[in-house]
Each structure stands twice: as C-alpha cells, then as structure tokens.
Amino acid sequence: MQATYDIEVYVRFCETDAAGHVNNVSYFLYLEEARTKFFQALGMHSNDGSSSLNFILASTTCDYVAQAYAGQQLKVSSSIDKIGTKSFRIHHVITNADTQQVIAKGSATTVCFNYVEQKTVVIPDVLRKSLESYTVDHVIG
C-alpha cells in the first residue's frame, strides 16, 4: 500500500496577502497541483489531451489550520479516502516541510466524466485498483 502521494511546493511571495501569510486562494492552487501530479503518477493524465479517461471536479474544500509564509517549503500529502461507483474523494494534508506542522487540510471529490456524451461514467477497473493502493481512512471534518 502506497498510503500517500507527496509533493513539495515552494511558497512564492506573490501567493501571500497584505497580512503577510499565504492567501486562502493559493491553497487551492497547491491542492490542484497535488491532484494533477497524483493523476500523472497514476498514469491517468496526459499533458497532450490524449488521455482516454476524463475527470470533472464536483467539490473541493480547504480548512485552514495554521499560517504559512513566503519562502517556506510545504508538503502536500494526498490519499484516497472514499471510492464510489463513479466518483472518488482525494484527501490532502498540507504541512510545513521543515517542522511537519499541519497548515491546512482539504479534499476534492472527483467524478469520472464522458465529455462527448456529457455524463458521468463508472470508474474503470484499472483506475479503481490504482486508487485503492492509496486508500486510507480519514476523519473528515
């Protein structure tokens, strides 16, 4: 079992606000980067649009736990905490890479989607098996 897929994000000055800490919107960019790289690691995303599997984001959340600042290195750990018939939920934890302090927690509900027919589709078995290797129980709240 893989448990989590981790990336590191360097906090740029432009991602902070007038209070000097990371702006709330920037966290969603970090979560998106983590999801995109996670999908690439699973072999389910290509940069040239040739992927036969498409996703649509149904919901995303972020709970802010502590402040982060420009110049810090953050770690975004992603895992799967729920797999349904057509959708799955990715759980994210953002920590300070140096201190391991939790900065934020988030989630994203992602749906398999056929853009030609404009409808949801069942998660393919190959994707389900890949997602199961990253499944961990989490308390959402």
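In the predicted model, a salt bridge links the side chains of Arg12 and Glu15, with a nitrogen-to-oxygen separation of 3.1 Å. The two partners differ in their exposure to solvent: Arg12 is partly exposed, its relative accessible area being 46%, whereas Glu15 is buried, with a relative accessible area of 8%. Side chains of opposite charge can pair when their charged atoms come close.

Beside Glu15 in the sequence, Thr16 is placed in the loop that runs between strand E1 and helix H1 (24–41). Because its relative accessibility is 15%, and the cut-off for burial is under 20%, Thr16 counts as buried. The side chain of Thr16 comes to 2.6 Å from the backbone oxygen of Phe13, and, when neighbours within four places in sequence are set aside, the contacts of Thr16 are with His21, Val22, Asn23 and Ala70.

The structure contains 4 salt bridges, among them one between the side chains of Lys37 and Glu33, for which the N to O distance is 2.7 Å. Both of these residues belong to helix H1, where they are 4 residues apart, or about one turn of the helix. Lys37 is partly exposed at a relative accessible area of 31%, and Glu33 is likewise partly exposed, at 29%. A further salt bridge is formed by Asp81 with Arg89, whose closest N and O atoms lie 2.9 Å apart. Here Asp81 counts as buried, with 14% relative accessibility, while Arg89 is partly exposed, with a relative accessible area of 23%.

As to the overall arrangement, the protein comprises 2 helices and 6 strands, which follow one another along the sequence in the pattern β-α-β-β-β-β-β-α. Strand E1 (residues 5–10) runs antiparallel to strand E3 (residues 73–83), to which it is joined by 6 bridges, and within this pairing Asp6 has Ser77 of E3 as its bridge partner. Strand E3 is in turn joined to strand E4 (residues 87–96) by 9 bridges, again in antiparallel orientation, with Val76 bridged to Ile94 of E4. The connection from E3 to E4 is a hairpin of 3 residues.

Of the 141 residues of the protein, 35% count as buried. Among contacts with a separation of 6 or more, 68% involve residues that are 24 or more positions apart. The exposed area of the protein amounts to about 7,800 Å², of which carbon and sulfur atoms supply 51%.

Key:
Residues are numbered from 1 along each chain as its sequence is written. This is a predicted model: local features need pLDDT of at least 70, side-chain atom pairs count only at pLDDT 80 or more; totals for chains, interfaces and linings use all residues. Side-chain values use heavy atoms; hydrogens and water are left out. Buried means under 20% relative accessible area, exposed over 50%, partly exposed in between (1.4 Å probe, protein chains only). Contact means heavy atoms within 4.5 Å. Accessible areas come from the Shrake-Rupley method with a 1.4 Å probe; for residues, only the protein chains shown count as cover. Two strands pair if DSSP finds at least two bridges between them. A polar contact is a pair of N or O atoms within 3.5 Å; within protein, one must be able to donate a hydrogen and the other to accept it, and residues adjacent in sequence count only if both atoms are side-chain atoms.
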